[in-house]
Amino acid sequence: MDESLSQKPAEVPYLEIDPRRALAWLNSFARAHAAALLSGVLLAVMALQMFAVIWRKSIAIDEVVMIPAAYYHLGAGNYQLVNEHPALAKIVAGLPLLFVQPNEVRPDQILHTPGTTEAKWETQAAIWDNNFDRFETLSFWPRAAMIFLALALGILIFRFGRELFGDRAAVIAVGLFALEPTFLAHGRVVQTDVPAALGYLLFFVALYYFNREPTLRRAVWLGAATAVAVLAKFSMLLVGPVLVPFFVFKLWRPGSIGRRRILTLAALVLLVTVVVINGAYFFQRPALMPGEIAWVNDPTIALTRFDSSAVTFFSFWLPKDFVLGILFQLRHNSSGHWAGFLGMHSQKGWWYYFPVAFALKATLPFLLLSLTALAWAIYQTFRRRVWFYLWLIVPFVLYTVFVLFSHINIGVRYYLPAYPFLIILGAGLLDQLLKSTRARTVAVVLTVALLGWVAIEAVRAFPHHMSYMNQLASGAPPWWYLSDSNVEWGDDSRLLAQELHARGETRVTDATLGGWATLRFYGIDRVDPLAATPPENPPRYIAIGASYLNGSTIPFPPGPNVTDTDRVNFFSEYRQRVPEAVIGGSIYLYRQTGH
């Protein structure tokens with residue numbers, strides 16, 4: 001017999017793991033990364049609660065058009081559906097829809113000229129009709145994708161907070177962000193508001209690092225951050241007037257790198273910005289469609305006689321849908337948007353709208369901390385010459401002054417880009433207090449109390465963060481203080497349908513912001529209270545949204561010589577009645593007369 005066959009196989013050595021060494025390593029790792037791990041837990045809790053909300057709630061009214069636009073942006077290279085908003089939110093929300101593969105719109109379903117407003121509405125209606133049985137799937141995944149943008153904002157707040165104030169301040173900042181109801185409400189919505197907050201902060205973070213070390217690499221990052229900002233929301237074009245004086249100042253005081261180098265870096269920032277913007281539209285350059293040409297040249301809505309020339313010029317460098325979106329927003333702001341505010345109504349808005357809306361919608365601890373931290377940072381800057389605070393003060397003040405002149409006063413969500421700077425300042429102040437040896441106990445109690453209070457408010461508002469208002473808004477119904485997405489944005493249609501089914505109803509007179517688009521998917525037949533001919537057999541209940549109660553979003557009812565006062569007060573009889581149910585803090589359910 002072969003001797004080699006009779007030998008026993010050699011024993012395979014195994015890796016011995018010393019439990020004590022493993023625990024020591026884990027303990028060391030946890031200590032070294034404690035701030036990041038704790039912040040990760042806070043952001044994970046934030047994400048889980050937003051996932052829980054989108055399981056329970058319907059899409060907001062803006063998502064009725066944004067979700068189809070997201071799919072067509074990625075799936076078909078069709079950017080004109082909602083070109084009044086830029087690409088970032090649509091790219092992120094559209095990614096999961098590429099795997100869902102919804103049934104697309106047939107050519108025979110579009111009756112109007114391509115590029116017209118009517119054709120856009122026909123397209124979005126058709127895609128929901130063609131996927132009636134998949135409404136929940138098409139609603140869920142785009143909103144789920146948006147949560148990751150909210151988490152990216154949280155990570156960026158952590159990174160910049162740690163850079164300026166250290167680990168502890170970074171964790172506090174993430175806690176304030178993850179628990180604030182306004183971010184919890186809008187972090188799950190397919191819209192441009194949280195992306196705008198992300199883009200605005202990203203721009204200033206990139207500018208901060210570029211200012212410290214103006215290298216080619218950081219110029220590329222600054223150009224990319226600039227592009228991300230304006231691709232998030234067109235109001236972020238505000239970063240342009242920041243970059244220009246920044247580079248002018250650098251040319252005036254070039255330091256050791258020289259003016260030629262500065263001009264090269266500025267040109268690189270501009271080039272990268274333009275390339276990334278074009279890349280978001282996949283470098284496609286379709287021509288203007290007849291409906292778009294007619295809209296651009298419409299003398300009744302033109303801002304200046306140069307509108308058409310400006311579109312032609314800028315469309316040579318940038319995607320035409322990007323340029324048209326900017327023009328749309330300029331025209332929208334010029335004409336204004338009907339809104340309700342403190343019992344008043346206006347199409348042009350109020351200069352003090354956003355400071356008051358912030359005071360009513362922010363949690364009281366965050367509001368008080370923000371005001372105190374802002375005063376503290378200004379003192380540190382101008383009395384103690386600690387200049388790095390300007391990286392938080394200037395972006396906040398700049399954006400605040402910018403929104404004071406806005407004529408679109410339909411939601412504190414438009415003010416979200418200012419929030420992260422207040423959050424980081426507030427965290428920096430608390431961290432400074434915690435460093436005090438004389439009042440450390442008081443500082444610990446204060447920090448725990450503030451964060452605990454914010455957490456209580458977040459839990460108290462769940463899952464209705466959209467309609468949340470703090471204790472300052474306790475003297476009158478919510479609809480008296482604010483309107484539109486502050487108090488009602490259409491995402492409670494599903495809860496309304498569940499309430500009606502529980503009462504044995506399948507019909508409702510619907511005066512809500514989103515019911516016309518979504519109630520049918522939940523088995524509820526909708527009766528229009530503004531129809532020219534009222535139904536012979538009206539439903540037992542009428543559902544009135546907060547914005548219809550205050551009158552701001554009511555369309556003009558039929559009839560001759562109808563005034564704005566008639567429109568606003570169309571449902572005034574219900575303002576003094578006690579509803580049978582309040583759904584989500586945004587929809588009021590009444591029994592109709594005669595039932």
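How much space lies in the second largest pocket? Before I answer, please keep in mind that what we are looking at is a predicted model. The second largest pocket holds about 710 Å³ of space, and it is lined by 28 residues, with Leu237, Gly240, Phe314, Leu318 and Ile326 lying nearest its centre. Two or more residues of that lining come from each of helix H12 (216-232), helix H13 (240-252), helix H14 (259-280), helix H16 (307-314) and helix H17, and among these H14 gives the most, with 6 residues. By class, the lining of this second pocket is made up of 23 nonpolar, 4 polar and 1 charged residues.

Let me turn to the largest pocket, where about 1,300 Å³ of space lies. Its lining counts 41 residues, and the closest to the centre are Glu84, Trp121, Phe328, His332 and His337. Helix H4 (63-75), helix H7 (117-129), helix H15 (290-296) and helix H17 (320-335) each supply at least two residues of this lining, and as you will recall, H17 also gives two or more residues to the lining of the second largest pocket. For the largest pocket, the division by class is 21 nonpolar, 13 polar and 7 charged residues.

Now to the sheet, which is open and built from 5 strands in the order E4-E3-E5-E7-E6, with mixed pairing. Strand E4 (525-527) and strand E6 (581-583) stand at the edges, and because each has a single partner strand, one side of each is left without a neighbour in the sheet. From one strand to the next, the twist averages 30 degrees. Within the sheet, strand E5 (residues 541-545) and strand E7 (residues 587-591) run antiparallel and are joined by 5 bridges, and in this pairing Ala543 of E5 stands opposite Leu589 in E7. Packed on the sheet is helix H24 (residues 493-502), which touches strand E3 (507-511) as well as E5, E6 and E7, and whose direction makes about 25 degrees with that of E7.

Helix H24 also brings me to the last topic, the salt bridges, of which a search of the whole structure finds 25. In one of them, the side chains of Glu136 and Arg494 meet at 3.8 Å, N to O. This pair links distant parts of the chain, since Glu136 sits in helix H8 (residues 135-165) and Arg494 in helix H24, 358 residues apart. Helix H24 thus appears twice in this account, once packing on the sheet and once supplying Arg494 to the salt bridge with Glu136.

Terms used. Residues numbered from 1 in each chain as written. Predicted model: local features only at pLDDT ≥ 70, side-chain atom pairs only at ≥ 80, totals over all residues. Heavy atoms only, no water. Pairing = 2+ DSSP bridges. Helix = DSSP H or I, 4+ residues; strand = E, 2+ residues; numbered from the N terminus. Axes fitted to C-alpha atoms, helices over the stretch in contact; angles between N-to-C directions. Contact = heavy atoms within 4.5 Å. 1 Å grid on protein atoms, 1.4 Å probe; cavity = no way out; pocket = protein on both sides within 12 Å on 5 of 7 lines; lining within 4 Å. Points joined across faces, edges and corners; volume = space filled by probe spheres on them. Nonpolar A, V, L, I, M, F, W, Y, C, P; charged D, E, K, R; others polar. Salt bridge = Lys/Arg side-chain N within 4 Å of Asp/Glu carboxyl O.
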